[in-house]
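Biologist: Could you take me on a close look at one part of this model, a pocket and what surrounds it? I'd like to know which parts of the chain build the wall.

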Amino acid sequence: MIRLLIAEDQRMLLGALGSLLELEADMKVVGQAMNGADALSAILELEPDVCLMDIEMPVMNGLEVAEELACRGASSKIIILTTFARPGYFERAVKIGVHGYLLKDGEIDELADAIRKVISGKRVFSPELAFTVIREENPLTPKEQEILRLAALGKTTKEITSELYLSSGTVRNYISEIIHKLDAKNRTEAAAIAEKKGWL
């Protein structure tokens, strides 16, 4: 019996997924969570075979939960389920080492099949996502992402310099390069572009 945990912040979808997967003869839903923190606690406590994880959840997002589980060496296999075909999310998920990354608009039979493949040791990714990544790679370096993330939070150049121990000239140069790379008018637009593509 494949023991499943579902983490999804939309109550209706959470219930529907649970009910449909329970109909599979070889699957049992042992836990559900509606935010990332609860998902992390439940996975560590229940140790399900597979966790179906939404990305955009309150408290912690699905990728943050997957990163934390990887750091702790948890044995549960993670399949990301998302409505967002954002290349940045997919790249990050692959780096973390998730076992599957699927779009929510698939058939339940396809999802059940993907769960079985993951249990057998395979990795399963939506082809649409792979094509998106090939077409559009993140142009920002890790340091540029870090600076843009802080700028997106509304931090001033001075605040960023003190947080990252950089000179104001260096931060301004980074921001100028980020704006140029993303073909944006200013740091706010650059942050919006990067956020939309899942690069932050």
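Modeller: Happy to! Helix H4 gives the most to the lining of the second largest pocket, with four residues. (Helices are DSSP H or I runs of at least four residues, strands E runs of at least two.) This is a predicted model, where local features need pLDDT of at least 70 and side-chain atom pairs 80 or more, while totals for chains, interfaces and linings use all residues. Numbering starts from 1 along each chain as written, and side-chain values use heavy atoms, without hydrogens and water.

The second largest pocket holds about 280 Å³ of space. Its lining has 13 residues, and those closest to the centre are Arg 92, Lys 95, Asn 138, Gln 145 and Trp 199. Two or more lining residues come from each of H4 (87-96) and H7. By class, this lining divides into four nonpolar, five polar and four charged residues. (A pocket is an open set of 1 Å grid points where a 1.4 Å probe fits, with protein on both sides within 12 Å along at least five of seven lines, and lining residues have an atom within 4 Å of a point.)

Follow H7 away from the pocket and you meet another helix. The axes of H7 (residues 142-152) and H9 (residues 168-181) come within 10 Å and cross at roughly 100°, so H7 is roughly perpendicular to H9 (65 to 115 degrees). On the H7 side the contact (heavy atoms within 4.5 Å) uses Lys 143, Glu 144, Ile 147 and Leu 148, while H9 brings Tyr 174, Ile 175, Glu 177, Ile 178 and Lys 181. This contact has five nonpolar, no polar and four charged residues.

For comparison, here is the largest pocket, with about 390 Å³ of space. It is lined by 22 residues, and Leu 103, Gly 106, Glu 107, Glu 110 and Leu 111 are the closest to its centre. H5 supplies the largest share of that lining, six residues. The elements that each supply at least two residues are H1 (11-22), E5 (100-103), H5 (108-119), E6 (124-125) and H6 (127-135). The class count here is 13 nonpolar, two polar and seven charged.

One last detail involves the loop between E5 and H5. Lys 104 forms a salt bridge with Glu 8 (2.8 Å, N to O), with the cut-off for such Lys or Arg nitrogen to Asp or Glu carboxyl oxygen pairs at 4 Å. Lys 104 sits in that loop and Glu 8 in the one between E1 (2-7) and H1, so the pair ties together parts that are 96 residues apart in sequence.

How values were computed. Axes are lines fitted to C-alpha atoms, for helices over the stretch in contact, and angles run from 0 to 180 degrees between N-to-C directions. Angles under 35 degrees count as roughly parallel, over 145 as roughly antiparallel, 65 to 115 as roughly perpendicular and the rest as oblique. Ala, Val, Leu, Ile, Met, Phe, Trp, Tyr, Cys and Pro count as nonpolar, Asp, Glu, Lys and Arg as charged, and the others, Gly among them, as polar. Grid points are joined across faces, edges and corners, and a volume is the space filled by probe spheres set on the points. A salt bridge is a side-chain nitrogen of Lys or Arg within 4 Å of a carboxyl oxygen of Asp or Glu.
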